[in-house]
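User: I'd like to learn how to read a structure, feature by feature. Could you take me through this one?

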Amino acid sequence: MESVDNVKVCVRLRPISRKEADQRQCVFAQENSVFLGSEDGSKQIRHSFTFDSVANSDSSQEEIFEMVGKPVADYCLEGYNGTVFAYGQTGSGKTFTMQGLLTDSGELIYEHRGLIPRVLEYVFSQIRDRQKTRSCEFVVKCSYLEIYQESVTDLLNPSSGSLTIRDDVKRGVYVEGLTEYDVSDQHTAYNYMQLGASRRHVGETAMNERSSRSHSVFTLYIQSKEVKEGGVTAVKYSRLHLIDLAGSERQKNTEATGKRLKEAANINKSLLTLGNVIRALVEIANGTEHVHVQYRDSRLTFLLKDSLGGNSKTTIIATVSPADKNYGETLSTLKFANRAKMIKNNAIINEDSMGSVGSLQNENRKLKEQLQKAMDQLQRGGSSHDLQGLTDPNADGNRPASGPSEPLSWQLLRRVCLLGSLRFNGKRLGCVPSQFVKTRRK
């Protein structure tokens, strides 16, 4: 099933830091709205924005997980691809949100753990629960990479050198040579996450003692197999990107020089390209034709090709500082987030079917019968509401709510194509009814 919906945006306000104790607050939140006061720190409202969710400065890590992490994890367990990435200026709380708070020795402080460890806990708890009540198997793998000065590196296997991003019709965008490790529980995944985080490029600036100098991408790959009625095995594949972007920087605030200044230039360049990609996708969403989306202008945007405007359920966490000295960067972040929420993605359940020749042919026959019924009803003037029961007769009602979907008759065609194109020991099991293909062409 295909789900067409917009990129979700959550804005998180961090508290005033010790270095900003003498600053006035210029950002205020109320329910799902964010208000930006005057640059002089007064409470006169100059800009207002509305988002899918807003986390105030006193919001906990658990609340962020409930707002963002849990919904995306649920979708991935159902076979959708998912992406969550944190965007904002340096020192605004992106790494704290995604990874959590670390000790000086690099150990994760449990009560302050971020979105990634909480998602890992939730995914594996859901897998255990499903295996108790349903006949299903799960295989989970993970990888961890960083993009540092436009070079892609495997944080779990740094000796592999600089890696190349590829685009494949079947696989989508992937990183060639990136190592994927089997993980059987959240503790193993924790260890890989902490190992990769310890190898990430960080440095000190005037705004952040541990400033991330690279974009990092922790990816969870989930494969599930479940035996359905009639002996057909449904196989679902999904991947969940959890991304901590390096923060945008202004040299006068970070006081960066030398190597740090060069790093900042590369960070800002890739984030500028990300902004250009989002502008182009918004134009497409608004109906503009012949728009070229420059995904390949940076490693980051190329890697995010499926996540922005493609096959993914995507959420952006925009982190902002409330201090008035960061007024310009905060306004820029909020405008970025406001544009991004207009991007439309086309997420589909990545599903395949396996089984004996007889079971697959039987399932194929049933789907063709459902399709024929749908065609007959449409020809008699039936509405899509009348066809709801024909689209997914095995639905259990536990799938996450989705946005507007494709016409129901095309959903049936998709399911018929899935089984109709399968082969067993080189033998094709079926095909799509030719009269339906002709109808589609009209």
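User: Which residues have the most contacts inside the largest nonpolar core?
Analyst: First the idea. A nonpolar core is a set of buried Ala, Val, Leu, Ile, Met, Phe, Trp, Tyr and Cys residues joined through side-chain atoms within 4.5 Å. Buried means under 20% relative accessible area, exposed over 50%, and partly exposed in between, with a 1.4 Å probe and protein chains only. In this predicted model, the largest core has 51 residues, and Val-11, Phe-51 and Leu-274 have the most contacts inside it. Helix 6 (residues 258-285) gives the largest share of this core, 8 residues. Apart from it lies another core of 38 residues, including Met-98 and Leu-220.

User: What does Phe-51 touch?
Analyst: Contact means heavy atoms within 4.5 Å. Leaving out residues up to four places away in sequence, Phe-51 touches Val-9, Val-11, Asn-32, Val-34, Leu-334, Ala-337, Asn-338 and Lys-341.

User: What should I know about the numbering and the cut-offs for a model like this?
Analyst: Residues are numbered from 1 along each chain as its sequence is written, and side-chain values use heavy atoms, with hydrogens and water left out. This is a predicted model, so local features need pLDDT of at least 70 and side-chain atom pairs count only at pLDDT 80 or more, while totals for chains, interfaces and linings use all residues.

User: How do I read a sheet, and in what order do strands 3, 4 and 5 stand?
Analyst: Strands of a sheet pair through backbone hydrogen bonds, either parallel or antiparallel. Helices (H or I, at least four residues) and strands (E, at least two) are DSSP runs, numbered from the N terminus. Two strands pair if DSSP finds at least two bridges between them. Here 3 strands form an open sheet in the order 3-4-5, with antiparallel pairing. Strand 3 (27-30) and strand 5 (47-50) are at the edges with a single partner strand each, so one side of each has no neighbour in the sheet. The twist averages 20° from one strand to the next. Strand 4 (residues 33-36) is joined to strand 5 by 4 bridges. One pair to look for is Leu-36 with its bridge partner His-47 in strand 5.

User: Which helix lies across these strands?
Analyst: For angles, axes are lines fitted to C-alpha atoms, for helices over the stretch in contact; angles run from 0 to 180 degrees between N-to-C directions. Helix 8 (residues 327-340) lies across strands 3, 4 and 5, and runs at about 35° to strand 5.

User: Where is there a hairpin?
Analyst: Look at strands 10 and 11, which form a hairpin with 2 residues between them. Gln-149 in the turn has a positive phi of about 50°. The two strands run antiparallel, joined by 4 bridges. Glu-146 has Thr-153 in strand 11 as its bridge partner. Strand 11 also pairs with strand 12, antiparallel, over 2 bridges. There, Val-152 has Leu-163 as its bridge partner.

User: Is Ile-165 buried or exposed?
Analyst: Ile-165 has a relative accessible area of 8%, so it counts as buried. Ile-165 belongs to strand 12 (residues 162-168). Beyond four places in sequence, its contacts include Val-152, Tyr-174, Arg-299 and Leu-303. Leu-303 is 138 residues away along the chain, yet the two C-alpha atoms are separated by 7.0 Å.

User: How many salt bridges are there?
Analyst: A salt bridge is a side-chain nitrogen of Lys or Arg within 4 Å of a carboxyl oxygen of Asp or Glu. The whole structure has 15. Arg-14 and Glu-20 form one at 2.7 Å, N to O, and both residues are buried. Arg-299 and Glu-150 form another at 4.0 Å. Arg-299 lies in helix 7 (residues 299-303) and Glu-150 in the loop between strands 10 and 11, so the pair ties together parts 149 residues apart in sequence. Glu-78, Arg-130 and Lys-236 are linked in a salt-bridge network.

User: What is the average pLDDT of the chain?
Analyst: pLDDT is the predictor's confidence in each residue, from 0 to 100. The chain averages 82, and 78% of the residues score at least 70. Among its elements, strand 14 (residues 181-182) has the highest mean, 97, and strand 22 (residues 423-424) the lowest, 42. The pLDDT is below 50 over residues 390-406 and over residues 419-442.
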